[in-house]
Amino acid sequence: MKLSVPGRVTATAVVATVSLLAGGSIAGAAPAGQPAVAAAPDIPVANVKAHLTQLQSIATANGGNRAHGRAGYKASLDYVKAKLDAAGFTTTIQQFTSSGRTGYNLIADWPGGDTNQVVMSGSHLDSVTAGAGINDNGSGSAAVLETALAVSRAGYQPTKHLRFAWWGAEELGMVGSRFYVNSLSTANRSRISGYLNFDMIGSPNPGYFVYDDDPAIEKTFKAYYAGLGVATEIETEGDGRSDHAPFKNAGVPVGGLFSGADYVKTAAQAAKWGGTSGLAFDRCYHSSCDTTANINDTALDRHSDAVAYAVWELSQ
């Protein structure tokens, strides 16, 4: 999640503009008389954590971070891209310049589905320069990656088109996602049925926060957690401070999940979710201690499964 300081961006090149998503309800229930929707798979938390281990190794080998314009970011992007290419996705790298350094977005399209109705899921892949950024935002990036790989393993053929994205330079002010949205024609923006954002979903003292921007998307996430018997709250800490903001500002329906950053967990929240009241949801937010040791496995597991649940529900 970004600091509250706007970044600067100057376009230098766009490798491709991909077909986007469009209108209609994003609710996933099949109409009467039609086949029931396919069930989302369980996302193995061990697989998500394996991606986090790789991102940690990349940071360690590249000056301790995966920040915009640094070698660790490009190595992170190359890791994710290789996994997606091997799984049968069509990947596109979008290049931009911010703060005098080259940045990259990675877009991955799953073949098939109605490209006039695109369900898009994304996360920022960059860290701050202070550390490896494993919760912020390796956690969201790894969960989105593993969900995409689950789509491939299942041979999933949804009615709508699936697109996944990993954004650069979010920490400088949602630079990469803003560049992407601004690069789209009005028609292509209108083809995006919904954008789902996942920024910090493995916080060590976690909460279960759901974006309330779009009612249908919010309802989908709440239904998943209700099935687990896990209470949720509306996400307010990161409102407007992550990559959903450029989409929302462009009129795209948005939603997402969050497990908390440097806000302090209350006694009521600790009673509801466990953990420790009076401490931040993530005491290592934007710090050098945001490593693989800075992850709550239960939160990461639940939130990763929720990512897949929403992707399946909203794309049918």
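Helix 3 passes helix 9 in a right-handed crossing. This is a predicted model, and the tour below starts from that pair of helices.

**Helix 9 and its two partners**

Helix 3 covers residues 134-154 and helix 9 covers residues 297-314. Their axes come within 9 Å of each other and cross at roughly 50 degrees, and the two helices are therefore oblique to each other. On the helix 3 side, the contact is made by Ser 139, Ala 143, Thr 147, Ala 150, Val 151 and Ala 154. Helix 9 answers with Leu 300, Ser 304, Val 307, Ala 308, Val 311 and Trp 312. Sorted by class, that contact holds nine nonpolar and three polar residues, with no charged ones.

Helix 9 also meets helix 6, which spans residues 215-228. Here the axes come within 10 Å and cross at roughly 130 degrees. Helix 6 and helix 9 are therefore oblique to each other, and their crossing is right-handed. From helix 6, the residues involved are Ile 217, Thr 220, Phe 221, Ala 223, Tyr 224, Tyr 225 and Leu 228. They meet Arg 302, His 303, Asp 305, Ala 306, Tyr 309, Ala 310, Glu 313 and Leu 314 of helix 9. This contact has 10 nonpolar, two polar and three charged residues.

Here are the two pairs in brief:

| Helix pair | Axes come within | Crossing angle |
|---|---|---|
| Helix 3 and helix 9 | 9 Å | roughly 50 degrees |
| Helix 6 and helix 9 | 10 Å | roughly 130 degrees |

**How enclosed is helix 3?**

Of the 21 residues in helix 3, 18 are buried, so this helix is largely enclosed by the rest of the structure. If you follow the chain onward, Gly 155 comes just after helix 3 and takes a positive phi of about 60 degrees.

**Strand 6 between the sheet partners**

Strand 6 runs over residues 192-198, and seven of its seven residues are buried, so this strand is also largely enclosed by the rest of the structure. It pairs with strand 4 (residues 114-124) in the parallel sense, over five bridges. One place to look for this pairing is Ser 121, whose bridge partner in strand 6 is Leu 196. Strand 6 also pairs in the parallel sense with strand 9 (residues 254-258), over four bridges. There, Tyr 195 has Val 254 of strand 9 as its bridge partner.

**An antiparallel hairpin**

Strand 2 (residues 90-98) and strand 3 (residues 101-110) run antiparallel and are joined by nine bridges. Within this pairing, Gln 94 stands opposite Asn 105 of strand 3. The hairpin has two residues between the strands, and Ser 99 takes a positive phi near 55 degrees.

**A close look at Leu 84**

To finish, try picking out Leu 84, which is found in helix 2 (residues 71-86). Is Leu 84 buried or exposed? Its relative accessibility is 0%, and because buried means under 20%, Leu 84 counts as buried. Which residues is Leu 84 in contact with, leaving aside its neighbours within four places in sequence? They are Phe 89, Thr 91, Leu 106, Ala 108, Leu 145, Ala 148 and Trp 166. Trp 110 gives another reference point: it lies 26 residues from Leu 84 along the chain, and the C-alpha atoms of the two are separated by 9.5 Å.

Technical notes. Residues numbered from 1 in each chain as written. Predicted model: local features only at pLDDT ≥ 70, side-chain atom pairs only at ≥ 80, totals over all residues. Heavy atoms only, no water. Buried < 20%, exposed > 50% of the residue type's maximum accessible area, 1.4 Å probe, protein only. Contact = heavy atoms within 4.5 Å. Pairing = 2+ DSSP bridges. Axes fitted to C-alpha atoms, helices over the stretch in contact; angles between N-to-C directions. Parallel < 35°, antiparallel > 145°, perpendicular 65-115°, else oblique. Left-handed = near helix turned anticlockwise from the far one by under 90°. Nonpolar A, V, L, I, M, F, W, Y, C, P; charged D, E, K, R; others polar.
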